[in-house]
Amino acid sequence: MRQVCINQEKNDIIQLFTTRYTGNMSHTREENKQNVDKRFEMIANTFNMSVDRMVLLNQTHGTDIFVADESYIRGEKPVCDASVTNVPGICLVTIHADCVPVYFHDKKTKSIGLAHSGWKGTLDGISIHVLDKMNEVYGTKAEDVEIVIGPCICKSCFEVKNDVYSLFAGKYPDYADCITEGNIDLKGVIIRGLLDKGVREENIIDMDICTCHNEDLFFSHRRGTKRNKSGEGAMAALACLKG
Ligand SMILES: [Zn+2]
């Protein structure tokens with residue numbers, strides 16, 4: 001199905017990433033917001049989920065994490081860039097147009113997480129904050145967590161000026177393979193951080209698909225900016241424990 005690219009569908013979880021065939025999934029990039037709601041309903045119907053239990057966030061490139069518990073019903077969007085849950089049927093959602101989607105799954109505590117990691121979130125280690133939050137709330141240990149890195153901008157497409165390069169080089173002096181003058185490998189920095197935190201290498205799946213390179217499949221903020229077109233659309237990452 002071209003509408004939704006399935007990262008993983010196992011017995012106990014479902015992890016999805018939409019494509020440009022799904023349409024724009026960002027309410028802030030769409031004049032008629034009902035169009036976006038309809039697309040979420042289509043996904044909910046296709047994958048047997050409830051749209052009222054989809055956790056949409058007000059993303060600000062920060063590191064705050066929303067904990068969705070049993071009482072969650074869709075309403076005001078929490079100002080957060082990641083969410084976690086251990087409740088089957090609750091679907092975590094983040095919106096992306098090049099920023100890295102990071103999916104977390106701890107089989108032992110039956111809990112999941114999802115992060116939107118742009119350059120600011122990556123610099124500030126939002127994925128590490130998710131691991132810490134899952135540990136605090138569910139008792140998750142890093143060595144038990146399975147990670148999927150979804151479609152995102154690649155190193156060669158992610159060109160940066162000296163100010164951003166200096167921030168990364170200053171904070172992560174040991175990650176020289178991911179951080180070079182002019183280009184930063186965001187998912188590389190994320191993976192290095194997760195490994196340093198105790199996630200096992202064999203538990204990390206990197207889909208290794210670039211949103212900026214693959215115009216046929218994905219919207220891309222960077223590609224749009226280069227052509228002086230912005231706001232063409234965005235994809236949704238979704239993660240849900242099956243009931
Ligand atoms: Zn690329």
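Helices here are DSSP runs of H or I with at least four residues, strands are runs of E with at least two, and both are numbered from the N terminus. The expected span of a helix is 1.5 Å times one less than its number of residues. This is a predicted model, where local features need pLDDT of at least 70, side-chain atom pairs count only at pLDDT 80 or more, and totals for chains, interfaces and linings use all residues. Residues are numbered from 1 along each chain as its sequence is written, and side-chain values use heavy atoms, with hydrogens and water left out.

**View A. Helix α1 from end to end.** The 14 residues of α1 should span 20 Å at 1.5 Å a residue, and its end C-alpha atoms are indeed 20 Å apart. At the start of the helix, a side-chain oxygen of asparagine 32 comes to within 3.1 Å of the backbone nitrogen of glutamine 34. Just past α1, look for asparagine 48, which has a positive phi of about 60°.

**View B. The two faces of α1.** Val36, Phe40, Ile43 and Ala44 are buried (under 20% relative accessible area, with a 1.4 Å probe and protein chains only) in this helix. They sit on the same side of α1 because they cover an arc of only 100° around the axis, taken from the directions from the helix axis to the C-beta atoms. Turned away from that buried side are the exposed residues Gln34, Lys38 and Asn45, where exposed means over 50%.

**View C. Histidine 27 and its surroundings.** Histidine 27 lies in the loop between β2 (13–18) and α1 (33–46), and it counts as buried because its relative accessibility is 11%. Its side chain makes a polar contact with the side chain of aspartate 37 at 2.8 Å; such a contact is a pair of N or O atoms within 3.5 Å, one able to donate a hydrogen and the other to accept it, and residues adjacent in sequence count only if both atoms are side-chain atoms. Leaving aside neighbours within four places in sequence, the residues in contact with histidine 27 include Val36, Phe40, Leu56 and Arg74, contact being heavy atoms within 4.5 Å.

**View D. The zinc ion and its donors.** Cys154 (SG), Cys157 (SG), Cys210 (SG) and His213 (ND1) coordinate the zinc ion at 2.0 to 2.3 Å. Donors are N, O and S atoms within 2.8 Å of the metal (3.2 Å for Na, K and Ca), and water is not among the atoms, so sites may look incomplete. Along the chain, the donors are spaced C-x2-C-x52-C-x2-H. Cysteine 157, in the loop between β9 (145–149) and α4 (162–171), and cysteine 210, in the loop between β12 (204–206) and α6 (221–226), link distant parts of the chain, 53 residues apart.
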